[in-house]
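Hello,

Here is the structure I said I would pass on. Please open it first, then read my notes below.

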Amino acid sequence: MDAVTELLGRRPGKIIAVHLNYPSRAAQRGRTPGAASYFLKPSSSLAGSAAVERPRGTELLAFEGEIALVIGKQARHVQPEDGWSHVGWVTAANDIGLQDLRTADRGSNVRSKGGDGYTPLGPSLLPAAELDPERLRVRTWLDGELVQDDTSDTLLFGFAHLVADLSRMLTLEEGDVVLTGTPAGASVAQPGQVVEVEVSTVDGTRSTGRLRTEVVDGLPLAPWGSPPHVDDAVRADAWGTPPAQGPMLPDELRERLNRVAVATLSVQLRRRGFDDASIDGVRALVPGRRLVGTARTLRFVPFRPDLFASHGGGYNAQKRAVDSLREGDVLVMEARRDPTAGTLGDILALRAQVRGAAGIVTDGAARDAAAIAALDLPVYTSGQHPAVLGRRHVPWETDVTIACGGATVQVGDVIVADDDGAVVIPPGLVEDVLAAAEQQEREEAWIAGRVADGAGLEGLYPLAGEWRQRYEESR
């Protein structure tokens with residue numbers, strides 16, 4: 001039976017959608033929630049495979065392929081381990097939204113995501129009892145090109161958790177629909193384009209078939225009420241452009257920083273009043289490996305059983321931080337200078353390398369040290385320890401201001417490290433500090449040449465008087 005026909009026959013009372021639930025999408029958005037959040041869509045937005053109108057004069061009709069859960073048994077005060085038993089069926093969904101109205105409806109999404117035909121479902125229902133909730137796949141095609149592809153084993157919040165979470169405060173009734181979030185790749189469709197969404201088992205033996213939505217021109221919006229609003233930020237969000245997560249470091253500056261000693265940079269920072277810019281107590285796991293990049297941050301708090309139970313397992317802040325790294329990022333960890341438990345292992349280090357990270361700095365310990373050292377990833381740590389983080393630490397939050405090795409680190413700060421240690425350079429000081437450091441090293445190279453020739457240090461180091469004049473003439 002057609003999924004929408006059956007659902008309409010059951011008269012669904014509500015459609016509940018999850019804001020962010022796939023790590024790939026969270027990384028694209030630049031934020032990873034610690035708990036699920038939701039919004040409502042009206043049942044009048046339900047549709048099957050059909051056309052959907054983009055109002056004339058608007059530009060950002062966004063599609064989001066999703067796995068939809070249809071409640072089969074009333075749920076209230078359900079335990080997480082029992083949540084899946086209240087799901088009757090699974091089907092494909094397209095959570096359509098008119099992003100031009102997002103500014104007017106931010107948070108509620110009443111008009112931006114509640115339009116007629118903005119929740120296509122189908123074409124068929126798969127019985128939940130016959131499925132493994134962690135072995136489902138959602139794929140989306142735009143004009144035949146695959147643009148979304150992810151699986152339910154990566155979810156931030158599993159299906160059973162969503163049912164239990166919602167049932168804490170409201171009754172989920174038979175026929176209600178839960179849209180479980182979209183992976184990376186959601187974007188914008190233009191009139192004339194076709195979006196197709198399919199949900200299947202990972203092995204491909206069961207499938208909903210493809211839900212087909214064609215975008216067509218519609219009538220313009222009436223002039224009353226909130227007008228459409230589009231700017232660069234709205235466009236970037238709708239098209240799926242990754243947000244900036246702190247200032248990017250231009251390649252030219254990165255290359256120059258890579259040629260300057262950390263000791264020299266430290267001198268120049270101190271001359272500008274930054275006496276606590278060094279990350280004390282950390283050393284390269286593999287001597288000789290330099291590190292240059294922009295900071296992303298992770299904070300651990302001291303171990304406490306109840307906090308570790310709620311924050312230590314599953315897709316915790318530590319894993320979310322690593323999964324969201326971009327090329328050139330340095331993950332800096334605050335572990336309170338406690339080297340008696342690992343804050344990094346070989347699997348997470350490998351993931352950071354695959355993501356293109358420039359390196360990792362932690363004032364805690366690393367475990368699997370030999371395996372990490374074998375990777376092509378600079379890692380600076382206060383030591384090595386075989387214990388997992390739960391011995392001393394609870395992974396707590398990401399991309400906040402932290403203290404690492406006595407230095408304050410903010411997202412976007414520039415981190416430079418070599419065998420002497422690591423320093424933190426505020427973005428606004430990078431060019432000034434770097435230019436002065438380069439000048440200092442040119443002078444010191446000239447001084448070293450004179451010392452090698454037998455010259456004494458008086459007036460030569462630092463340069464003064466006649467030696468200064470001779471240096472200037474040599475240039």
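What follows is a short tour of what turned up, topic by topic. Keep in mind that this is a predicted model.

**Aromatic rings**

The structure holds four aromatic pairs. Take Trp446 and Trp467 to begin with. Their ring centres are 6.1 Å apart and their planes stand at 70 degrees, so this pair is edge-to-face. Trp446 belongs to helix H11 and Trp467 to helix H12, with their positions 21 residues apart in the chain. Both Trp446 and Trp467 are buried.

Trp446 has another partner, Tyr471. Here the ring centres are 5.5 Å apart and the planes are at 70 degrees, so the Trp446–Tyr471 pair is edge-to-face. Tyr471 lies in helix H12 and Trp446 in helix H11, so the pair ties together parts 25 residues apart in sequence. How buried are these two? Trp446 has a relative accessible area of 14%. For Tyr471 the value is 3%. Ring pairs join Trp446, Trp467 and Tyr471 into a cluster.

**Between H11 and H12**

Helix H11 spans 430–452 and helix H12 spans 465–474, and Leu457 sits in the loop between them. Leu457 also helps make a nonpolar surface patch, together with Val451 and Tyr461. The patch covers about 300 Å². Tyr461 has a second point of interest: its peptide bond to Pro462 is cis, with omega near 0 degrees. Pro462 is placed in the loop between H11 and H12.

**Salt bridges**

How many salt bridges are there in the whole structure? A search finds 25. Three pairs are worth a look.

- Glu130 and Arg206 meet through their side chains, at 2.9 Å from N to O. The pair links distant parts of the chain, 76 residues apart. Glu130 is in the loop between strands S9 (119–127) and S10 (136–142), while Arg206 is in the loop between strands S14 (194–201) and S15 (211–218). Glu130 is exposed, at 51% relative accessible area. Arg206 is partly exposed, at 28%.
- Glu196 bridges to Arg210, with the closest N and O atoms 3.4 Å apart. Glu196 is in strand S14 and Arg210 in the loop between S14 and S15, 14 residues apart. Glu196 counts as buried, at 17% relative accessibility. Arg210 is partly exposed, at 39%.
- Glu252 and Arg256 form a salt bridge of 2.9 Å, N to O. They are four residues apart in helix H5 (residues 251–257), which means that about one helical turn separates them. Glu252 is partly exposed, with a relative accessible area of 44%. Arg256 is buried, at 18%.

There is also a network of salt bridges. It links Arg25, Lys41, Glu64, Asp95 and Lys113.

**Around His385**

Where is His385? It is in the loop between strand S24 (383–384) and strand S25 (393–398). His385 is partly exposed, with a relative accessible area of 22%. Which residues does His385 touch, leaving aside its neighbours within four places in sequence? They are Pro339, Thr340, Ala341, Gly342, Ala365, Ala366, Arg367 and Arg391.

Thr340 deserves a closer look. His385 and Thr340 are 45 residues apart in sequence, and their C-alpha atoms are 6.1 Å apart in space. A polar atom of the His385 side chain lies 3.5 Å from the backbone oxygen of Thr340. The His385 side chain also reaches the backbone nitrogen of Ala387, at 3.1 Å.

**Backbone details**

Another cis peptide bond joins Gly122 and Pro123, with omega of about 0 degrees. Pro123 is in strand S9.

Two residues have a positive phi without being glycine. One is His77, with phi of about 55 degrees. His77 is placed in the loop between strand S6 (65–71) and strand S7 (87–94). His77 is exposed, at 55% relative accessibility.

The other is Asp368, with phi near 55 degrees. Asp368 lies in the loop between strand S22 (365–366) and helix H10 (369–373). Asp368 is partly exposed, at 32% relative accessibility.

Best wishes

Methods:
Residues numbered from 1 in each chain as written. Predicted model: local features only at pLDDT ≥ 70, side-chain atom pairs only at ≥ 80, totals over all residues. Heavy atoms only, no water. Patch = residues over 30% accessible without salt bridge, like charges linked within 9 Å, V, L, I, M, F, W, Y side chains within 5 Å. Areas by Shrake-Rupley, 256 points an atom, 1.4 Å probe, with all protein chains shown as cover. Salt bridge = Lys/Arg side-chain N within 4 Å of Asp/Glu carboxyl O. Buried < 20%, exposed > 50% of the residue type's maximum accessible area, 1.4 Å probe, protein only. Contact = heavy atoms within 4.5 Å. Polar contact = N/O pair within 3.5 Å; in protein donor to acceptor, adjacent residues only side chain to side chain. Phe/Tyr/Trp six-rings, centres within 6.5 Å; stacked < 30°, edge-to-face > 60°.
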